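Subject: Structure handover, with notes on charged pairs and the ligand

Dear colleague,

I am passing on the structure below, together with some notes for a first reading. Please look through the model before turning to the notes.

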Amino acid sequence: MTSLDDLPVRADLRGKTPYGAPQKTVPVALNVNENTHQIPEAVAHDIVQSLVVAVLGVNRYPDREFAVLREALADYLNRDLVGDQRLTAANVWAANGSNEVLQQVLQAFGGPGRSLLSFEPTYSMYPLLADGTGTGWIAEGRDEDFELSPDTAASAVRRHDPDLVFLCSPNNPTGTPLSLETIEAVYDATRGMVVVDEAYAEFAPDGTRSALTLLPGRGRLLVSRTMSKAFAFAGVRLGYLAAAPAVTDALRLVRLPYHLSALTQAAATAALRHSDEMLAMVDDIRVQRDRIVMRLTELGYRPYRTESNFVLFGGVRDPHAVFTALLERGILVRDLAIDGCLRVSAGTEAETTAFLDALAELDSTA
Ligand SMILES: *Cc1c(COP(=O)(O)O)cnc(C)c1O
């Protein structure tokens, strides 16, 4: 039998490990920051209607420019934008998850001989996407409590002069929000492309300004979003970004033709018609998140500042043991190998209660 090591795999991929968050069937899965609420059934039926129409047309390739979907995404983003911040379809790009969007960005602006800088701990896919595209990976650190000040960020960028900088806001896996001042400082410090990954933007407090408001006049700034988290649409695979129209021109050079299937386009466009219903659970998820923070503090743990739908908490003596003990009780959280820390997603009220009660019980038996 041939093993991976016997194959003529690219030398720079030898010894690497693929993305591998455990996918286990458990009663309470709080490990990959999904929205654990089902989408409303009425919305599901409307999506199915759109899918029927799309399926009847699948003898033809889908719209390569996904014009209707881009229009719908621009409208969605414009709900929070005013004046010259407002976007048109020409500013918007989409792909099969924001992971594919980010991969296309690296294919177009990174690659062999080029580098991507980010600030760890951060989203574990960034170094994997760098590896896959042959882009050099530069990991810099953060300030106390995983914060990232304008000075820390900009001086790292000046030191390394990377071709791309990825800023995750709020940051996964720590939940830490990122100030617009830090984004501006990074942008001013680099000649490269700056990507702000706002996968969790909808979970920030009402009135929080998105990096989208910084786009006017900044041709090297990209803001990526996803329907996977707040929108409860992870299974469909739809991520997107907003940037200057020239950026989408660059991405057309590397995307596969017809990369967004007719079914994906139809489902996402239909869901966007129901944005308010799709986002109805965001408030409840924020309540559950704040409840986790309060209860963990009572239990003597140290939750970090979070504006996302998950909480990273320290003060765990043996993270692996706690992870295993929770799993034995049917509750899956995330052990990210950050010293003394575990991460948990805010679930439904019942799921959140199950997690908090199990943890409290472990505590008293420890
Ligand atoms: C979950 C997540 C994404 C979303 O990925 P999709 O491919 O859109 O599902 C992107 N960035 C970060 C930081 C995430 O945590």
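Lys16 is a useful place to begin, since at 41% relative accessibility it counts as partly exposed, a term used for values between buried (under 20% relative accessible area) and exposed (over 50%), with a 1.4 Å probe and the protein chains only. Before going further, please note that this is a predicted model, in which local features need pLDDT of at least 70 and side-chain atom pairs count only at pLDDT 80 or more, while totals for chains, interfaces and linings use all residues. Residues are numbered from 1 along each chain as its sequence is written, and side-chain values use heavy atoms, with hydrogens and water left out.

Lys16 forms a salt bridge with Asp131, the closest N and O atoms being 3.3 Å apart; the term stands for a side-chain nitrogen of Lys or Arg within 4 Å of a carboxyl oxygen of Asp or Glu. This pair links distant parts of the chain, with Asp131 in helix α4 (residues 125-132) and Lys16 in the segment before β1 (28-29), 115 residues apart. Helices (H or I, at least four residues) and strands (E, at least two) are DSSP runs, numbered from the N terminus. Asp131, for its part, is buried, with a relative accessible area of 17%.

By the rule just given, the count comes to 21 salt bridges. In one of them, Arg191 pairs with Asp161, and their closest N and O atoms are 2.9 Å apart. Arg191 lies in the loop between α6 (180-189) and β6 (193-197), and Asp161 in the loop between α5 (150-160) and β5 (164-168), 30 residues apart. Arg191 is partly exposed at 48%, and Asp161 is partly exposed at 40%.

Glu202 and Arg225 also form a salt bridge, with 3.8 Å between the closest N and O atoms, and both residues are buried. There is, in addition, a network of salt bridges that links Glu65, Arg70, Asp249, Arg252 and Arg255.

Turning to the ligand, 13 residues are around it, of which Ser98, Tyr200, Thr226, Ser228 and Lys229 come nearest, where a residue is near if one of its heavy atoms lies within 4 Å. A polar side-chain atom of Thr226 lies 2.6 Å from a ligand oxygen, and a side-chain N or O atom of Lys229 is 3.3 Å from an oxygen atom of the ligand.

With kind regards

Key: A polar contact is a pair of N or O atoms within 3.5 Å; within protein, one must be able to donate a hydrogen and the other to accept it, and residues adjacent in sequence count only if both atoms are side-chain atoms.
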